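Reader: I am in my first year and would like to learn how to read a structure slowly. Could you take me closely through one part of it, starting at a single residue and then following the contacts from there?

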Amino acid sequence: MPSKTIIEPFRIKSVEPIRWTTREQREGLLRAAHYNLFLLQADDVLIDLLTDSGTGAMSTHQWAAVMEGDESYAGSRSFDHFKSSVQDIFGYTHVIPTHQGRAAERILFRVMCKQGDVVPNNTHFDTTRANVESVGAEAIDVLLPEGGQPETRLPFKGNMDVAALEELIARVGREHIPLVMLTVTNNSGGGQPVSMENARAVSEVCHKHGIPLYFDACRFAENAYFIKLREPGYADKTPKQIAQEMFALGDGCTMSAKKDGMANIGGFLCTNDDILARQEKDLLILTEGYPTYGGLAGRDLEAVAVGLQESLQEDYLRYRIASTAYLGDHIAEHGVPIVQPPGGHAIYLDAKAFLPHIPVEQFPGVALAAELYLEGGIRSVEIGSLMFGEAAKMELVRLAIPRRVYTQSHIDYVVEIILKVWERRSLIKGLRLTYEAPFLRHFTAHLEPVA
Ligand SMILES: *Cc1c(COP(=O)(O)O)cnc(C)c1O
């Protein structure tokens with residue numbers, strides 16, 4: 001083990017200034033944004049923890065690879081680099097590039113599912129669910145029950161409930177389940193990992209019934225590192241070996257390269273099935289592009305090819321997981337309620353426990369997110385009643401950490417601001433809606449403080 005202090009495993013070659021605002025300015029900006037942080041200009045944000053998707057910093061190796069991009073329409077050399085990097089880790093026969101994860105999902109479900117089908121997943125991410133539903137199939141979450149309890153500490157809280165999966169297959173019938181998905185790590189469930197043991201058990205159930213297993217692999221490298229840290233028998237394996245072992249349990253995957261691809265755009269779909277691959281490539285040509293670029297530039301393919309390998313480097317993963325836990329642990333030790341244990345890419349504040357005096361109808365998560373912006377220019381996102389309406393199970397505020405972007409002093413600052421807001425939490429007021437769109441209202445909603 002290296003030293004006790006886990007430092008950023010990089011030095012900074014190119015800097016991007018961030019801008020301070022005064023509290024008075026932020027009050028005006030927040031009012032103008034109708035208390036919805038999506039409506040702020042990014043330049044008015046000091047520390048942006050809205051998402052870890054596509055917001056990471058690329059390495060010198062990635063930027064050098066960008067210059068090597070081959071922009072040929074067909075048969076690009078960059079596609080060969082991309083394909084061999086993906087196959088090295090994932091091992092699947094067919095690699096289909098897409099502009100991001102949801103494009104891979106759309107193609108996969110359009111080819112595999114029909115009206116009335118059922119797709120089980122530990123937890124469907126929102127775009128995954130929407131794409132399953134858009135072809136008339138039903139998306140069912142079969143997460144371990146503990147996965148939905150913020151305070152319960154388990155090493156693999158993202159695991160699928162294997163008994164519930166068996167029951168579901170028995171109830172709806174194998175013929176109505178064209179595939180099972182396993183999301184690693186479980187983004188919507190707090191970035192919690194799935195164990196190898198669970199993936200193996202799910203794979204055995206699927207294959208016993210002849211059902212293909214697909215991974216939603218967006219945070220596969222973080223998941224592999226949690227397995228190395230927490231699962232007996234994996235301490236001496238590399239994250240890459242662990243990832244390879246996991247993907248060998250499945251028949252394909254969808255991937256957003258904006259997460260553990262360490263790129264600002266990109267994604268892919270993999271399968272071992274030759275017939276499906278042909279249909280998927282036909283659909284790809286219709287909407288994304290030719291199969292050797294799939295809606296990406298050659299330079300993007302190069303950036304992903306390098307980024308996938310970098311995401312598995314141990315010094316990077318050690319820093320990544322440690323810095324997320326650092327934020328979570330330092331606020332939790334002062335009593336701030338968070339989803340436990342800290343996940344891979346984000347810390348989730350439990351707004352219901354943070355602001356117990358604000359009823360759910362007055363959006364405690366949105367009120368807390370607004371307060372973090374007012375106090376210190378930090379942007380986060382509510383995952384609760386504004387986002388999901390009556391279907392919301394928890395009122396959370398997610399602080400997602402972009403990859404390789406912020407240093408420990410930025411995180412120390414975030415801790416300081418959260419603790420300041422925690423001290424005067426009883427003075428924070430709820431909000432009410434003044435405008436909402438008919439669907440996905442959280443992106444555009446207008447709110448105002450209740451009197
Ligand atoms: C981000 C994400 C997606 C969708 O990927 P995009 O690149 O945003 O389209 C799908 N599943 C999970 C788990 C994700 O985190």
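Author: Let us start with Ile 285, which counts as partly exposed because its relative accessibility is 46%, a value that lies between the 20% under which a residue is called buried and the 50% over which it is called exposed. Please keep in mind throughout that this is a predicted model, and that the values given here are computed from it. Ile 285 has its place in helix α10, which covers residues 274-287, and together with Tyr 73 and Tyr 290 it forms a nonpolar patch on the surface, the three residues having about 320 Å² of accessible area together.

From this surface patch we can turn to the ligand and its surroundings. The ligand is surrounded by 15 residues, and the closest of them are Arg 102, Asp 216, Arg 219, Ser 256 and Lys 259. When these surrounding residues are sorted by character, two are nonpolar, seven are polar and six are charged. Several contacts can be followed atom by atom: a polar side-chain atom of Arg 102 lies 2.7 Å from an oxygen atom of the ligand, a backbone N or O atom of Gly 101 lies 2.9 Å from an oxygen atom of the ligand, and a polar side-chain atom of Ser 256 is found 2.7 Å from an oxygen atom of the ligand. Of the 380 Å² of accessible area that the ligand has on its own, the protein covers 97%. Two elements, α4 (101-112) and α5 (126-134), give two or more residues to the shell around the ligand, and α4 gives the most, with three residues.

Lys 259, one of the closest residues to the ligand, leads us on to Arg 403, whose side chain reaches the backbone oxygen of Lys 259 at 3.3 Å. Arg 403 is found in the loop between β12 (396-400) and α16 (408-423), and it counts as buried because its relative accessible area is 2%, where buried means under 20%. The side chain of Arg 403 also makes a polar contact of 3.1 Å with the side chain of Asp 260.

With charged side chains in view, we can look at salt bridges, of which the structure holds 25. In one of them Lys 240 pairs with Asp 88, their closest N and O atoms being 2.6 Å apart; this pair links distant parts of the chain, since Lys 240 sits in helix α9 (residues 239-247) and Asp 88 in helix α3 (residues 77-90), 152 residues apart. Lys 240 is partly exposed, with a relative accessible area of 25%, and Asp 88 also counts as partly exposed, at 33% relative accessibility. In another salt bridge the side chains of Lys 228 and Glu 314 meet at 3.6 Å, N to O. Because Lys 228 lies in helix α8 (residues 220-230) and Glu 314 in helix α12 (residues 314-332), this pair ties together parts that are 86 residues apart in sequence. Here Lys 228 is buried, with a relative accessible area of 13%, whereas Glu 314 is partly exposed at 27%.

A further salt bridge joins the side chains of Arg 441 and Glu 436 at 2.9 Å, N to O. Finally, salt bridges that share partners join Asp 52, Arg 219, Glu 222, Asp 260, Arg 320 and Arg 403 into one network, which brings us back to Arg 219, listed among the residues closest to the ligand.

Technical notes. Residues numbered from 1 in each chain as written. Predicted model: local features only at pLDDT ≥ 70, side-chain atom pairs only at ≥ 80, totals over all residues. Heavy atoms only, no water. Patch = residues over 30% accessible without salt bridge, like charges linked within 9 Å, V, L, I, M, F, W, Y side chains within 5 Å. Areas by Shrake-Rupley, 256 points an atom, 1.4 Å probe, with all protein chains shown as cover. Salt bridge = Lys/Arg side-chain N within 4 Å of Asp/Glu carboxyl O. Helix = DSSP H or I, 4+ residues; strand = E, 2+ residues; numbered from the N terminus. Buried < 20%, exposed > 50% of the residue type's maximum accessible area, 1.4 Å probe, protein only. Near = heavy atom within 4 Å. Polar contact = N/O pair within 3.5 Å; in protein donor to acceptor, adjacent residues only side chain to side chain. Nonpolar A, V, L, I, M, F, W, Y, C, P; charged D, E, K, R; others polar.
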